[in-house]
Amino acid sequence: MIFIRLFGFIIAAGVVFTSLAMMIMGGRWQKIEASAYSGKRRPIWFILISICLIALYIIAFINFIPSDKNWASWILMCLLPIGWVIKGILVVFNKEGREKVSNISGDKAWIKIGLARLPIAVLLIVLSLFVK
């Protein structure tokens with residue numbers, strides 16, 4: 001269960017870190033977001049983070065299969081990846097979605113987005129704590 005819990009905490013930390021960065025940087029966050037989502041190729045840092053995240057998920061999922069499962073582990077291991085797939089379809093692999101994200105501008109917009117993401121981090125922390 002340690003890998004499932006670790007997976008949840010790392011995802012939560014990533015959400016907190018990026019949310020705080022959005023709120024602190026405001027409109028300057030747009031350059032980072034645009035570098036990740038606009039253009040034909042993803043930057044190397046985006047690819048490396050994605051590979052590490054997928055590897056951690058695979059390790060956690062391998063540990064999930066034989067384990068005693070509860071509702072929290074099911075949500076982290078099954079529901080969360082469905083959200084990733086939806087985000088991938090709507091933003092990462094969809095030109096129109098990438099353009100929408102790349103066109104968000106202004107300090108207030110990024111502060112609102114950063115604040116709106118923080119409850120997700122809290123939810124991920126709670127789920128991680130409840131994993132059996």
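This passage describes the nonpolar cores, a surface patch and two buried residues of a predicted model.

The interior is considered first. The largest nonpolar core has 16 residues. Within this core, the residues with the most contacts are I4, F7, A60, L76, M77, L124 and V131. Four elements each give two or more residues to the core: α1 (2-25), α3 (44-64), α4 and α6. The largest share comes from α1, with 5 residues. A second core is separate from this one and has 6 residues. Among them are A36, F46, V92 and V101. In soluble globular proteins, nonpolar side chains tend to be buried together.

The surroundings of I4 show how part of the largest core is put together. Residues up to four places away in sequence are not counted here. Beyond them, I4 touches A60, L76, M77 and V131, which are also listed with I4 among the residues with the most contacts inside the core. I4 touches N63, F64, S67 and S73 as well.

S73 lies in helix α4, which spans residues 71-92. Its relative accessible area is 0%. S73 is therefore buried, as the cut-off for that class is under 20%. The side chain of S73 reaches the backbone oxygen of N70 at a distance of 2.9 Å. Apart from residues up to four places away in sequence, S73 touches I4, F64 and V131. Two of these partners, I4 and V131, are named among the residues with the most contacts inside the largest core.

Helix α6 covers residues 107-130. A121 is found in this helix. With a relative accessible area of 1%, A121 falls under the 20% limit and so counts as buried. Its contacts, leaving aside neighbours within four places in sequence, are A12, V15 and V16. A121 and E99 are 22 residues apart in sequence. Their C-alpha atoms are 26 Å apart in space.

V122 also lies in helix α6, but this residue belongs to a nonpolar patch on the surface. The patch is formed by F9, W71, V122, I125, V126, L129 and F130. Together these residues have about 660 Å² of accessible area. Helix α6 provides the largest share of the patch, 5 residues. Helix α6 thus appears in both settings: it gives two or more residues to the largest core, and it supplies the largest share of the surface patch.

Definitions and conventions. Residues are numbered from 1 along each chain as its sequence is written. This is a predicted model: local features need pLDDT of at least 70, side-chain atom pairs count only at pLDDT 80 or more; totals for chains, interfaces and linings use all residues. Side-chain values use heavy atoms; hydrogens and water are left out. Patches are made of residues with over 30% relative accessible area and no salt bridge: like charges are joined within 9 Å, nonpolar side chains (Val, Leu, Ile, Met, Phe, Trp, Tyr) within 5 Å. Accessible areas come from the Shrake-Rupley method with a 1.4 Å probe; for residues, only the protein chains shown count as cover. A salt bridge is a side-chain nitrogen of Lys or Arg within 4 Å of a carboxyl oxygen of Asp or Glu. Buried means under 20% relative accessible area, exposed over 50%, partly exposed in between (1.4 Å probe, protein chains only). A polar contact is a pair of N or O atoms within 3.5 Å; within protein, one must be able to donate a hydrogen and the other to accept it, and residues adjacent in sequence count only if both atoms are side-chain atoms. Contact means heavy atoms within 4.5 Å. A nonpolar core is a set of buried Ala, Val, Leu, Ile, Met, Phe, Trp, Tyr and Cys residues joined through side-chain atoms within 4.5 Å.
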